[in-house]
Amino acid sequence: MLHYRTLPVTAFQQNSSIVWCDETMDAAVIDPGGDLDALVAEVQRLGLQLKAIWLTHAHIDHAGGTGELAERLSLPIIGPHTGDQYWIDALPQQSAMFGFPPARQFAPTRWLHDGDTVTIGHETLNVRHCPGHTPGHVVFHAPQIGRAFVGDVLFAGSIGRTDFPQGNHQQLIASITQRLWPMGDQTVFIPGHGPESTFGRERRSNPYVGNT
Ligand SMILES: [Zn+2]
Ligand SMILES: [Zn+2]
């Protein structure tokens, strides 16, 4: 069975999630934006073996710790989609702009595309490309536990910002309504910031994408 535990990291309180298979105790960390010592300590406390880094997108609060963690533990970097090369290249400027420790640059071991899957232990998650907040944003869907890790695409009561370079509001709305909603109203999503919610609840009450 697939399990997960979410830890807010960095000054941006970004929800980094550790996901693992309880048969193998192999784990992946989604969006290690920073606070690597806390993430690694939690992995050890849970008795897990960290095997991979999965990225939803390459904004600093999500990807800032990636290069260092990958090097420290010799981990492959899976994702995001090639559309985020611009943001990976911009990591040093993002660090300086937002007062983060200098982010080590990295090259993804494997880029992700819509319809791909990622596997940890005996568990497989589906990858959907959800551009709009960034061009290469992906989300990880775990239908076996009714969960989706959606980064900065959708929040409880809000949606991702599209006022950054390469943001696209219409594309974001299309990603939410055409790629997230089909995962089902009961699906609980883990956003990049703030509390969990369900797609059904957002469909009913989110002022940006309600009644869609
Ligand atoms: Zn972001
Ligand atoms: Zn974010």
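Which residues is A27 in contact with, leaving aside its neighbours within four places in sequence? The list is I18, V19, W20, V43, L48, Q49, L50, K51 and I120. Two residues are in contact if their C-beta atoms, placed from the backbone, lie within 7 Å.

This is a predicted model, in which local features need pLDDT of at least 70, side-chain atom pairs count only at pLDDT 80 or more, and totals for chains, interfaces and linings use all residues. Residues are numbered from 1 along each chain as its sequence is written, and chains are lettered from A and ligands numbered from 1 in the order in which they are written.

## The whole chain

The protein chain holds seven helices and 13 strands. These are DSSP runs, numbered from the N terminus: helices are H or I with at least four residues, strands are E with at least two. The C-alpha trace spans about 45 × 40 × 30 Å along its principal axes. A compact globule of 212 residues would have a radius of gyration near 17 Å, and the protein chain, at 16 Å, agrees with that. The radius is taken over C-alpha atoms, and the globule rule is 2.2 Å times the number of residues to the power 0.38.

Of the 212 residues, 45% count as buried. Buried means that 20 or more other C-beta atoms lie within 10 Å of the residue's own; exposed means 12 or fewer, partly exposed lies in between, and C-beta atoms are placed from the backbone. Among contacts between residues at least 6 apart in sequence, 61% join residues at least 24 apart.

## The five-stranded sheet

Five strands form an open sheet in the order β1-β2-β3-β4-β5, with mixed pairing. β1 (2–9) and β5 (77–78) stand at the edges with a single partner strand each, so one side of each has no neighbour in the sheet. Two strands pair if DSSP finds at least two bridges between them.

β1 and β2 (residues 14–21) run antiparallel, joined by eight bridges. L2 has C21 as its bridge partner in β2, and V9 stands opposite Q14. Four residues lie between these strands in their hairpin, where T10 takes a positive phi near 65 degrees.

β2 also runs antiparallel to β3, through four bridges. Here S17 stands opposite I30. The hairpin of β2 and β3 has four residues between the strands.

How many of the eight residues of β2 are buried? Eight are, and the strand is mostly covered. In a regular strand the side chains alternate between the two faces of the sheet. In β2, Q14, S16, I18 and W20 point one way, while N15, S17, V19 and C21 point the other way.

## Helices on the sheet

Helix α1 (residues 36–45) lies across β1, β2, β3 (26–30) and β4 (49–54), at about 155 degrees to β1. Helix α3 (residues 66–73) packs on the sheet too, touching β4 and β5, and makes about 150 degrees with the direction of β4. Axes are lines fitted to C-alpha atoms, for helices over the stretch in contact; angles run from 0 to 180 degrees between N-to-C directions.

In α3, T66, G67, L69 and A70 are buried. The buried residues of α3 pack against α1, β4, α2 (60–63) and β5.

## The nonpolar core

The largest nonpolar core has 51 residues. Those with the most contacts inside it are A27, A28, I53, W54, F140 and V150. Such a core is a set of buried Ala, Val, Leu, Ile, Met, Phe, Trp, Tyr and Cys residues joined through C-beta atoms within 7 Å.

## Strands β9, β12 and β13

β9 (residues 147–151) and β12 (residues 188–191) run parallel, joined by four bridges. A148 stands opposite F189 in β12. Two bridges join β12 to β13 (residues 197–198), and this pair runs antiparallel. V188 stands opposite T198 in β13. Their hairpin has five residues between the strands.

## Backbone details

Some residues with positive phi are listed here.

| Residue | Place | Phi |
|---|---|---|
| M25 | hairpin of β2 and β3 | near 65 degrees |
| S74 | follows α3 | near 50 degrees |
| G194 | hairpin of β12 and β13 | near 85 degrees |

D31 has a positive phi of about 55 degrees although it is not a glycine. D31 lies in the loop between β3 and α1 and counts as buried because 29 C-beta neighbours are inside 10 Å. Q166, also not a glycine, has phi near 70 degrees. Q166 has 15 C-beta neighbours inside 10 Å, so Q166 counts as partly exposed.

G79 and P80 are joined by a cis peptide bond, with omega about -5 degrees. P80 is in the loop between β5 and α4 (85–89).
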